[in-house]
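Me: I should like a close look at a single part of this protein, namely its salt bridges. Please explain the terms as they arise.

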Amino acid sequence: MDEAEFLRGRVYGADHDDAGPRPERAYAQLVGGPLDGLLLDVTDRTGHELREVALITEIGRYGPGGRALYGRRSGDDRRFDWRGDAPGAP
């Protein structure tokens with residue numbers, strides 16, 4: 001099993017021992033980029049907060065502390081498309 005296959009169906013930021021989705025939560029799928037296939041918990045976020053998200057990742061272009069940028073797909077609130085990577089805060 002490669003790393004991409006291992007990550008699918010897991011929730012971004014969840015504890016590794018219990019990274020599966022929970023029935024009482026709402027999720028959007030991350031599409032493309034370093035976090036492709038992960039689920040993002042959007043339960044308590046407003047529509048404005050969810051236009052674009054910058055998620056910390058070690059496997060993007062900028063390595064540890066870098067960010068993967070995802071934006072909500074037009075017409076599909078359940079998918080966020082990769083927009084690129086950004087360096088972390090200094």
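Reply: The following account concerns the salt bridges and the residues that form them. This is a predicted model, in which local features need pLDDT of at least 70 and side-chain atom pairs count only at pLDDT 80 or more, while totals for chains, interfaces and linings use all residues. Residues are numbered from 1 along each chain as its sequence is written, and side-chain values use heavy atoms, leaving out hydrogens and water.

Side chains of opposite charge can pair when their charged atoms come close. A salt bridge is defined here as a side-chain nitrogen of Lys or Arg within 4 Å of a carboxyl oxygen of Asp or Glu. By this rule, there are 5 salt bridges.

One of them joins Asp41 to Arg25, with the closest N and O atoms 2.9 Å apart. Asp41 belongs to strand S2 (residues 39–41), whereas Arg25 sits in the loop between helix H1 (3–7) and strand S1 (27–31), so the pair links distant parts of the chain, 16 residues apart. Helices (H or I, at least four residues) and strands (E, at least two) are DSSP runs, numbered from the N terminus.

Arg25 also forms a salt bridge with Asp44, where the closest N and O atoms are 3.5 Å apart. Because Arg25 lies in the loop between H1 and S1 and Asp44 in the loop between S2 and S3, this pair ties together parts that are 19 residues apart in sequence.

As for accessibility, buried means under 20% relative accessible area, exposed over 50%, and partly exposed in between (1.4 Å probe, protein chains only). Asp41 is partly exposed at 21%, Arg25 is partly exposed at 30%, and Asp44 is exposed at 63%.
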